[in-house]
2 protein chains.
Amino acid sequence: MANWRAVLSVSVLVSSGALVQKPLLADEGMWTFDNFPAAALKAQHGATVDMAWLDRVRLATVRLSGCTGSFVSKDGLILTNHHCVATCLDQLSTKEDNLLEKGVLVRDRGQERRCPTQIADVLVASENVTDKLSAAVKGLGEKAANDARKQTLTRFEQTCEEASKRERGGPFKCEAVSLYNGGQHFIYKYKRYTDIRMVFAPEANIAAFGGDPDNFQYPRWCLDMSVMRAYENGKPVATPNYLKVNFAGPSAGDVVFVSGHPGSTDRLLTVSQLLEQRNVDLPDWLLRNSELRGRLLQFGKADAEAERIVSDSLQGLENSIKVRRKQLDALLDDRLMERKRTDEADLRARVGANAELKSRTGTAWADIERALTVERSMYFPYTQLEAAAAFNSRLFRMARSLIRGTAEREKPNDQRLREYVDARLPRLEQQLAAEVPFYPQLDIATLAFSLERMRELLGPDHPTVRQLLTKDSPDSLARRLINESKLHDAAVRTALWKGGSSAVAKSTDPMIVLARMLDPEARALRKRYEDEVEAPMNVAEERIAAARFAVFGTSVYPDATFTLRLNFGTVQGWKENGADVQPFTRLSKAFERSTGAEPFLIPASWEASKSQLDMNTPFNLSTNSDIVGGNSGSALINVKGEIVGLMFDGNIHSISGAYWFDTEKNRAVAVHPAIMREGLTKVYKAQALLNELQGK
Amino acid sequence: MANWRAVLSVSVLVSSGALVQKPLLADEGMWTFDNFPAAALKAQHGATVDMAWLDRVRLATVRLSGCTGSFVSKDGLILTNHHCVATCLDQLSTKEDNLLEKGVLVRDRGQERRCPTQIADVLVASENVTDKLSAAVKGLGEKAANDARKQTLTRFEQTCEEASKRERGGPFKCEAVSLYNGGQHFIYKYKRYTDIRMVFAPEANIAAFGGDPDNFQYPRWCLDMSVMRAYENGKPVATPNYLKVNFAGPSAGDVVFVSGHPGSTDRLLTVSQLLEQRNVDLPDWLLRNSELRGRLLQFGKADAEAERIVSDSLQGLENSIKVRRKQLDALLDDRLMERKRTDEADLRARVGANAELKSRTGTAWADIERALTVERSMYFPYTQLEAAAAFNSRLFRMARSLIRGTAEREKPNDQRLREYVDARLPRLEQQLAAEVPFYPQLDIATLAFSLERMRELLGPDHPTVRQLLTKDSPDSLARRLINESKLHDAAVRTALWKGGSSAVAKSTDPMIVLARMLDPEARALRKRYEDEVEAPMNVAEERIAAARFAVFGTSVYPDATFTLRLNFGTVQGWKENGADVQPFTRLSKAFERSTGAEPFLIPASWEASKSQLDMNTPFNLSTNSDIVGGNSGSALINVKGEIVGLMFDGNIHSISGAYWFDTEKNRAVAVHPAIMREGLTKVYKAQALLNELQGK
């Protein structure tokens, strides 16, 4: 395992016709820390960051469940978004004490409550294992290579974790990371914290002022912040590598950085893969989930309690719908597809002009199209039964984890499905053991919905559909399964987990029985998918990645993979329909926009403090930072390494960032630190927290 | 006005590379009766139908609200689908007496109850007014021509209706009909019946066995039939031109005809118009309505009564979703779009090769693209505010009809919006005066949903959104409007209608107030749409239609426009994934497929009669007839002019029929007459009705 510094090298960003439309001046790119384009930063912005800066920022950046956060005090305080802790707030709420609605401020450190399923990872080192992996699969056919690749990565992870037990600061979590669509493979080593406690969250009505209507919009007025604290052995963690908040915030034009974990982009996909998303994946997902949105919204109209229990699911769903809706629009945009075709033709022409490269790349593009044809032929069975879209139920997901987890656990580590290798089991155990509220009515509603769509999409004569819905309607089956299953009880889950596959095999819990019955067919679909779709796709993608490296070097950045990246940009607005959108918003306008009704309702605490507030306080700000979902909660950092904002969203144009970076219009949106200070001081009277944030 | 026979001419179907993929042998085409390709029928199938046959079939075919039916006895009996009378059954139902669920059989003619909003039209004559209309708009600019065209058609309709009062069998309804996307204009003259009464409908569980999962599927087992009777002056109408049912049904390979009113196809659209549907219209519609589906399904889960009141709306919605979903798939199919591009390029090349034609056609294709750009720029305001997608409420629709109808009525007939010209007012008055059940909770749910989407699609800062949702949420506004409005009362509506625009102006009914407030903006959007989208589009479409006539003559058929058409084909199945799908299904299999739960629940009446039933009775059948929605309820007719089936659906491939006719896979689905007889005889013991159907 190489030390982090050993693999860090500073590359130069050169113009690349194939991947960045404009040379050099675009602030595009989600760079790994070991390939950060420091020279380009210098050339474009006259700014410099050194190795100490990079190390400090990296070690202060934490990966949360689906989000990013930053250490902001020496005692393990983590700053992130409110929407990144919504699940925790939901888990800690009751009918009588709705933390999502009311917010939370823990003034006594001893009273900070643990978020049952939250984790925080810090990247401490990484090793490039591309060559070792290539050696391990050399000469194998594509199916065998696909299996061997997984086995090898599992062994790399295992070796890394075992060695880490003897390392300073260890043990560490080790995870295989594939970059450039399989062009590079790394083992990333994380320090993991599993005891993360809630410190502060404002009311949802100010954190998400404007709700779904304003989501992905700018100008904006959201105090989308929250604060948690990492603990170890019951004590706050010492975090010397933290970032200070500069509450004055940045000025327009300032150079700013975002360090975080962008979740996923598809900028390196082939045209055929993009068309598959446009024609198959996105329409199917969007239509199913638009219906689910309708069901959940109507579910929440029954009464206040129904509204409360559905709100966290609904918020996530509406966000995903907006993202995918705009992704579909992006792929339906002829300009984008034309550009992708041109870029692909250009790369293929360069490959074709080089006999050796041509021979190495082979029929990669055609191979991908063939794999996609297989994928399409099994699309509904696979997504419904193996990806389990047909069983949209928390209890079902637990049942499957128990069945597969106990079965896989008994195999040698490198022979297991990858999600059940030793390195992943502690996280799974945490989730199975977590005591969190369960709402049977909601689980019945989502399961009934998904069973009904399974029947539509697989057809009423599909054998599994016939088996499940012979004497049952989707509603009656869902009701029986959820009402009779005991898997909502953490003790029952833990007992089954400890009892292993024999206990699971003997269980008569109806959800276990269902998941057990489905497992052979689902596993067969997965095996076929791995062998006939994934295996050829991986080989072809690796060949294309290799061809791209041969032509462009690492002057291109890898697609986002929810791993640590750093980018740079400046504070700026953009032009919309010819008019300037300013990069800062002010508090006064939030009050002007208030309608007195959700989601445009200013909470009572802010109304009560109104006369003390400086209405000119900057609220949100926009930058041209190249970020996507997963960057939520990332600090916006200035050249001095201070936090000058808290990323929480992008503008509507940023969603096309899944496929390309629109330099003219793609903007990221952050909470301005001045509004944090204004709120903490005058609204929440949280002087102790503010002092800690100010290093006092 | 020309007599029907005078304009009837028999043309020859010749091969046309641009519109029919295969020459001559395809049974493609929705032909008008005056351009029926009798020679092609003779050549392809050796069959002949004469003028008497055509006249009899035409006069026995009735147009219902959105469907087709046929006279099947001399006393005005109309045979159509169950799903074509669902709205009537819903209107005649109460919480205690659910006719949709239970079915209905009226044994005493005096007890037949009127369907409050049903009508039945018989086409008695038509006149080609293309040249007269061209003369009226000659030399005008495109906006002026668009206005003048509407005015002229209104005058033609008015003249026709006035003259018809003195004609034998009159008065008649006269309607302008545009064929070939404006390439031909006709005035169609209908005998209209407005007193249509319910005679027989089976239970929904047998009529729609398989429900939405089986909709557009085949093999199939649906007794999708119903019988109504037309009355005039309180007495059954004498209908000497009726069709006899041949209960033996057809054999595989038999030549069969479908006479009916296909609703709408888009086979003659330009590529740019198809792309607009693919990229904008269909995704927007589908996503909005998938959510609505979810809301309605969840609404119906509250209790049995909620399920009942939502069922008719839901059935229509689910049908529309399935249609549009498959239309989107068709447009995402590269083969289809490639074919459309090729056909268009071919036509444009032929036009370009002829100087005179080239000059007459001008920049028609580019003009359409320009009009589409304008349409796209105003898409959401237009669809939300003028097309009123934002106000999904029966009471809102009534309010708008009252406001606009009373205002327009005071203008000269030819200066009105076309939907309020004299010829249309009786139908509107029938609808306003109809006493039908109203369910406020359902109207609140649909209105709240649409207001919420309005805010999403127009944005929270749109002035109208701000105006409506400043101190209100979508829910609270919808509740107040629906609960406080009195427009659910037919007497209130009638009083406002009679009071005219001054009564409407003075009304404080909150729904009237809302619709009044919105009207100026909505009308302005409509005017802009008519002037800047419709006007140039019409001119360009007419030019393309003229070019197509010049190149291909009338060897092509016009797109469907919910006007009378006749086609021919044969009884046949098709190949699906290499396996033969047989053209007939049998009763036994319906029982085998029963699950005991809706929508696969065989009703108790059929279970009780099971031992008497001949399980080998043919149930449904498939043909290659070229039909679409609107043809529902059409008779399937043999060469002798006998009814040998009752069309009610197509297979899943038939949905792409909106854009092209897939001769290999597009199949229509009919109820076999044998199952009608089996059910009427043994299950429903409806001997008197059966006797009437048998002409006894």
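# Reading loops, turns and a pair of chains

Analyst: Let's begin with a backbone feature: Phe562(B) sits in the loop that joins α22 (510–552) to β13 (565–570) in chain B. This is a predicted model, where local features need pLDDT of at least 70, side-chain atom pairs count only at pLDDT 80 or more, and totals for chains, interfaces and linings use all residues. Residues are numbered from 1 along each chain as its sequence is written, chains are lettered from A and ligands numbered from 1 in the order written, and side-chain values use heavy atoms, leaving out hydrogens and water.

User: How should I read labels such as α22 and β13?

Analyst: Helices (H or I, at least four residues) and strands (E, at least two) are DSSP runs, numbered from the N terminus. Phe562(B), in the loop between those two, has a positive phi of about 55 degrees although it is not a glycine.

User: Which residue of chain A has a positive phi of about 65 degrees, and is it buried or exposed?

Analyst: Buried means under 20% relative accessible area, exposed over 50%, partly exposed in between (1.4 Å probe, protein chains only). The residue is Phe216(A), again not a glycine; at 10% relative accessibility, Phe216(A) counts as buried. Look for Phe216(A) in the loop between α9 and β10 of chain A.

User: Where is Pro219(A), and what kind of peptide bond joins Tyr218(A) to Pro219(A)?

Analyst: Pro219(A) is in the loop between α9 (211–214) and β10 (226–232) of chain A. The bond is cis, with omega about 5 degrees.

User: How do chains A and B relate?

Analyst: Copies are superposed by least squares on the C-alpha atoms of residues with pLDDT of at least 70 in both. Here, a turn of 180 degrees and a shift of 0.0 Å along the axis lay chain A on chain B with an RMSD of 0.0 Å. That is the relation of a two-fold axis.
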